[in-house]
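Q: Please take a close look at the largest pocket. Which residues line it, and which helices supply them? Go on to the parts around it as well.

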Amino acid sequence: MAGTALGALVGVGSTLLADRTRWRREQADRTRQERRDIYVTVLTKYRLAYEAMHAAAVTGRDQGGAVREAAVREAFRASGCDEARETALICAPQEMSDLLEDVYATLRDLQEVFAAGDPPLDSPELQERRLKHAEAIWAARAAMRRDLDRPA
């Protein structure tokens, strides 16, 4: 009788342990997938903002400064990058939030350049700023891959 009770206790204990392990693994997978979705969304929205602002700057190159500035600022607002940024800043680890803020700062810098029309779109100064933005994006992507590859 004692052997049966002990066997039942071991069986129930091992089942509970296996269930707990499976739950932790599933929770870690869900968290990883949520972060992946957030990372993809924020980088996509940043890219959409850049593309829309650049297009507005190109289109508004020959228009008045106020028209170009309004178009660039509206392109930025309409991109949805602020909303995606806020979601990422709330859900991402601090290291990632810092990197995403660096990307955002370079994007805002480009917004100011596109809105002002200075430096010109084909200038080396603008190319340097675009490169700085691209480098910030690449640094964020590398950190995201490290974060998503980290074992739970």
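A: A cut-off comes first: a residue is buried when its relative accessible area is under 20%, exposed when over 50%, and partly exposed in between. The model is predicted.

Start with the pocket itself. The largest pocket holds about 190 Å³ of space. Its lining consists of Leu 43, Tyr 46, Arg 47, Tyr 50, Arg 130, His 133, Ala 134, Ile 137, Trp 138 and Arg 141. Two helices, α1 (2–59) and α5 (124–149), each give at least two of these residues. The largest share belongs to α5, with six residues. By class, six lining residues are nonpolar, one is polar and three are charged. The charged class includes Arg 47, Arg 130 and Arg 141.

Now follow α1. This helix has 58 residues. From its first C-alpha to its last, α1 reaches 85 Å, close to the 86 Å expected at 1.5 Å a residue. The buried residues of α1 are Ala 28, Ile 38, Tyr 39, Val 42, Leu 43, Tyr 46, Ala 49, Tyr 50, Met 53, Ala 56 and Ala 57. Leu 43, Tyr 46 and Tyr 50 are on this list and also line the largest pocket. The partners of the buried residues of α1 are α2 (65–78), α3 (81–91), α4 (94–116) and α5.

One of those partners, α4, contains Thr 106. Is Thr 106 buried or exposed? Its relative accessible area is 8%, under the 20% cut-off, so Thr 106 is buried. Its contacts, leaving aside neighbours within four places in sequence, are Lys 132, His 133 and Ala 136. His 133 links this site to the pocket: it touches Thr 106 and is part of the pocket lining.

Finally, the cysteines. A disulfide is a covalent bond between the sulfur atoms of two cysteines. How many disulfides does a search of the whole structure find? The count is zero. Cys 81 is in none; its nearest cysteine sulfur, that of Cys 91, is 17 Å away. The cut-off for a disulfide is 2.5 Å, so this pair does not qualify. Cys 81 counts as buried, because its relative accessibility is 0%. Cys 91 is in no disulfide either, with the sulfur of Cys 81 as the nearest one at 17 Å. At 38% relative accessible area, Cys 91 is partly exposed.

Conventions. Residues are numbered from 1 along each chain as its sequence is written. This is a predicted model: local features need pLDDT of at least 70, side-chain atom pairs count only at pLDDT 80 or more; totals for chains, interfaces and linings use all residues. Side-chain values use heavy atoms; hydrogens and water are left out. On a 1 Å grid over the protein atoms alone, a cavity is a set of points where a 1.4 Å probe fits but cannot get out, and a pocket is an open set with protein on both sides within 12 Å along at least five of seven lines; lining residues have an atom within 4 Å of a point. Grid points are joined across faces, edges and corners, and a volume is the space filled by probe spheres set on the points. Helices (H or I, at least four residues) and strands (E, at least two) are DSSP runs, numbered from the N terminus. The expected span of a helix is 1.5 Å times one less than its number of residues. Buried means under 20% relative accessible area, exposed over 50%, partly exposed in between (1.4 Å probe, protein chains only). Contact means heavy atoms within 4.5 Å.
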